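Please look over the sequence and the model below before reading on. The report is meant to be followed with the structure open beside it.

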Amino acid sequence: LTCRLHKTLATVALLSALLVVQMLGGCAMQQPTSKSTNQPSPNPFLKESVPNKVSDKPRLTPLINENATNRIPNQYIIIFKPGTKRDVVLAAQNKAKELGGTIRTTYTLEPIGFSAKLSDHALQFFRQLQEVDYIEVNLSGSLDDVQSLDPLNWPKGLDRTSERGLVNGTPSQPRLDNRYTYSEEGVGVHVYVIDTGIFSSHSEFGGRVQGGINVTNNPAFGTNDCSGHGTHVAGIIGGTTFGIAKKVILHPVRYLNCANETDPVASDFAGKAFEEVTQDIQTQRRNNATYRAVINFSSSFQSNVSGMLNAKVKAALNSLIPVVVSAGNSNANACNTSP
């Protein structure tokens, strides 16, 4: 009887142990297969993630310049994290269209991404994607110009550029003498004028306006000037009479959609223009190692810093392309303005 009792107790103990092992094993097997609805979908562009609880707050990608006074309503620049595959960006663009958005332009050089017109719902969707680095509000800017002077007199700015120098090791500002003294004319240098285009047949350019680029969504004007500002800037750079470098080759790069007055000077197209010019100069250099080029940009986005636009300018500089930008033609601190 005692022996039989011991066997019964042993059997009970064994069955209990097996039951515990099975329960633990079941828990261990269930844990990896359970999915939290707070985690993003494996393909976030095909299916939106829905919070499991009202109190759950998913991580939101930073939205830059959200309260800028010169923001363009419902237009955003979506920049992806370094190393993101291009097919991910393409899928995101398709998703933007599915959500009723309109693609404005695409960036194929780092930082890659695109700009689009999006609803608030679509914006919130993209702010939850882990592949997105940051989102910028698209900004309207201004074309920087100068006050008109008496056409019978030399422009004072041009006169000043030939009066630089040192006197006894100290910077000097000699009196203006209504003359422009120079020794370099910019022969063989290519200047890309990112602006409103250039009136190529103007007598001041002497046939020195060559292949241009149009990055707007409206190709109607090509690279011909649609407002006069680009021609004015090109004249300062390389006009025969009052130009700084009178024999440079000028390339019009139109980023302003003059055909549509409701589409102002916009930071997303400005960034695209820098990207396209950088690519073109890199291509030219591969074919000609002595190809010399400069970028000029006479626009600004006052009191706002665009990380995307600054990155595109930096990419040009990293490619050893000199970039000249206006300081804004105002009393604002140019360090707080892009580019």
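What follows describes the overall make-up, the parallel sheet, the nonpolar cores and a few residues with unusual backbone geometry.

**Overall make-up**

The model is a predicted one, and the protein in it has 7 helices and 14 strands. Buried residues account for 39% of its 339 residues, while the accessible surface comes to about 19200 Å², of which 56% belongs to carbon and sulfur atoms. When contacts between residues at least 6 apart in sequence are considered, 78% of them join residues at least 24 apart.

**The parallel sheet**

An open sheet of 5 strands is arranged in the order β10-β11-β9-β12-β14, with parallel pairing. Its edge strands, each pairing on one side only, are β10 (213–214) and β14 (323–325). Three of the strand pairs are set out here, each with a pair of residues that stand opposite one another.

| Strand pair | Bridges | Opposite residues |
|---|---|---|
| β10 and β11 | 2 bridges | Asn214 and Arg254 |
| β9 and β12 | 6 bridges | Ile194 and Phe297 |
| β12 and β14 | 3 bridges | Phe297 and Val325 |

Phe297 thus has a bridge partner in Ile194 and another in Val325 of β14. Helix α6 packs on this sheet, where it touches β9, β10, β11, β12 and β14, and its direction makes about 165° with that of β9.

**The nonpolar cores**

The largest nonpolar core holds 31 residues, and the members that touch the most others are Ile194, Tyr255, Phe274, Val277, Ile281 and Ile295. At least two residues of this core come from each of β2 (71–80), β5 (132–139), β9 (189–195), α6 (267–287), β12 (292–297) and α7 (307–318), and α6 gives the most, with 6 residues. A second, separate core of 21 residues includes Tyr76, Phe80, Leu99 and Phe125.

Which residues does Ile194 touch, not counting residues up to four places away in sequence? The list consists of Val253, Tyr255, Ala273, Phe274, Val277, Ile295, Asn296, Phe297 and Ser298.

**A buried glycine in helix α5**

Gly230 is found in helix α5 (residues 229–238), and with a relative accessible area of 0% this glycine is buried. Leaving aside neighbours within four places in sequence, Gly230 is in contact with Val193, Asp195, Thr196, Gly197, Ile198 and Asp225. For one of these, Ile198, the C-alpha atom is separated from that of Gly230 by 5.3 Å, although the two residues are 32 apart along the chain.

**Backbone geometry**

Most residues other than glycine have a negative phi, and most peptide bonds are trans. Against that background, the peptide bond from Glu110 to Pro111 is cis, with omega near -5°, and Pro111 lies in the loop between β3 (102–107) and β4 (113–117). A cis peptide bond also joins Ser338 and Pro339, where omega is about -5°, and Pro339 is found in the segment after β14.

Two residues have a positive phi without being glycine. Asn74, placed in strand β2, has a phi near 65°, and at 31% relative accessibility this asparagine counts as partly exposed. Leu320, in the loop between α7 and β14, has a phi of about 60°. Is Leu320 buried or exposed? At 69% relative accessibility, Leu320 counts as exposed, because the cut-off for that class is over 50%.

Notes
Residues are numbered from 1 along each chain as its sequence is written. This is a predicted model: local features need pLDDT of at least 70, side-chain atom pairs count only at pLDDT 80 or more; totals for chains, interfaces and linings use all residues. Side-chain values use heavy atoms; hydrogens and water are left out. A nonpolar core is a set of buried Ala, Val, Leu, Ile, Met, Phe, Trp, Tyr and Cys residues joined through side-chain atoms within 4.5 Å. Buried means under 20% relative accessible area, exposed over 50%, partly exposed in between (1.4 Å probe, protein chains only). Helices (H or I, at least four residues) and strands (E, at least two) are DSSP runs, numbered from the N terminus. Contact means heavy atoms within 4.5 Å. Two strands pair if DSSP finds at least two bridges between them. Axes are lines fitted to C-alpha atoms, for helices over the stretch in contact, and angles run from 0 to 180 degrees between N-to-C directions. Accessible areas come from the Shrake-Rupley method with a 1.4 Å probe; for residues, only the protein chains shown count as cover.
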